[in-house]
Amino acid sequence: MHGHIHESPSIMNVWYDKINNTICIQLGQTEFGSSNIYYVVVDTKKGEYERIIDKI
């Protein structure tokens, strides 16, 4: 798993990509003054991942 791709999830609506067996994740970044926090929950046994946006 790799933690960076250049596409912005808020613009491209893409927050992950897969290259062979490598998952590339771009959570999105918290902008100054934003009340959102971004994170991903990864289930390594099931091979599933979910992007979550919470208000802080």
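**Note on a predicted single-chain model**

1. Tyr16 is partly exposed, with a relative accessible area of 37%. The rings of Tyr16 and Tyr49 have their centres 5.0 Å apart and their planes at 75 degrees, so this pair is edge-to-face. The two residues come from distant parts of the chain: Tyr16 belongs to strand β1 (residues 16-19) and Tyr49 to strand β4, with their positions 33 residues apart in numbering. Tyr49 is also partly exposed, at 25% relative accessibility. The model is a predicted one, and what follows should be read as a description of that prediction.

2. How many aromatic pairs are counted? The count comes to three. One of them joins Trp15 and Tyr16, with 4.8 Å from centre to centre and 65 degrees between the planes, an edge-to-face arrangement. Trp15 counts as buried because its relative accessibility is 16%, and the cut-off for buried is under 20%. Trp15, Tyr16 and Tyr49 together make one aromatic cluster.

3. On the overall layout, the chain has one helix and four strands. Their order along the sequence is α-β-β-β-β. The chain has 56 residues, of which 23% count as buried.

4. Strand β3 covers residues 36-43, and strand β4 covers residues 48-55. The two strands run antiparallel and are joined by eight bridges. Among the bridge partners, Asn36 is matched with Lys55 in β4, and Tyr38 is matched with Ile53 in β4. The hairpin of β3 and β4 has four residues between the strands, and Gly47 there takes a positive phi near 70 degrees.

5. Which residues form the nonpolar patch on the surface? They are Ile37, Tyr39, Val41 and Ile56, and together they have about 370 Å² of accessible area. Val41 lies in β3. With a relative accessible area of 44%, Val41 is partly exposed. As background, side chains in a regular strand alternate between the two faces of the sheet.

6. A second positive phi deserves a look. Most residues other than glycine have a negative phi. Asn20 is not a glycine, yet its phi is positive, at about 55 degrees. Asn20 sits in the loop between β1 and β2 (22-25). Is Asn20 buried or exposed? Asn20 is exposed, because its relative accessible area is 69% and the cut-off for exposed is over 50%.

7. On confidence, the chain averages a pLDDT of 80, and 86% of the residues score at least 70. Where in the chain is confidence lowest, and where is it highest? The lowest is in helix α1 (residues 9-12), with a mean of 73, and the highest is in β4, at 89. Where pLDDT is low, the predicted coordinates should not be read in detail. Strand β4, with the highest confidence, is the strand that holds Tyr49 and pairs with β3 in the hairpin.

Methods. Residues numbered from 1 in each chain as written. Heavy atoms only, no water. Patch = residues over 30% accessible without salt bridge, like charges linked within 9 Å, V, L, I, M, F, W, Y side chains within 5 Å. Areas by Shrake-Rupley, 256 points an atom, 1.4 Å probe, with all protein chains shown as cover. Salt bridge = Lys/Arg side-chain N within 4 Å of Asp/Glu carboxyl O. Buried < 20%, exposed > 50% of the residue type's maximum accessible area, 1.4 Å probe, protein only. Pairing = 2+ DSSP bridges. pLDDT = per-residue confidence, 0-100. Phe/Tyr/Trp six-rings, centres within 6.5 Å; stacked < 30°, edge-to-face > 60°.
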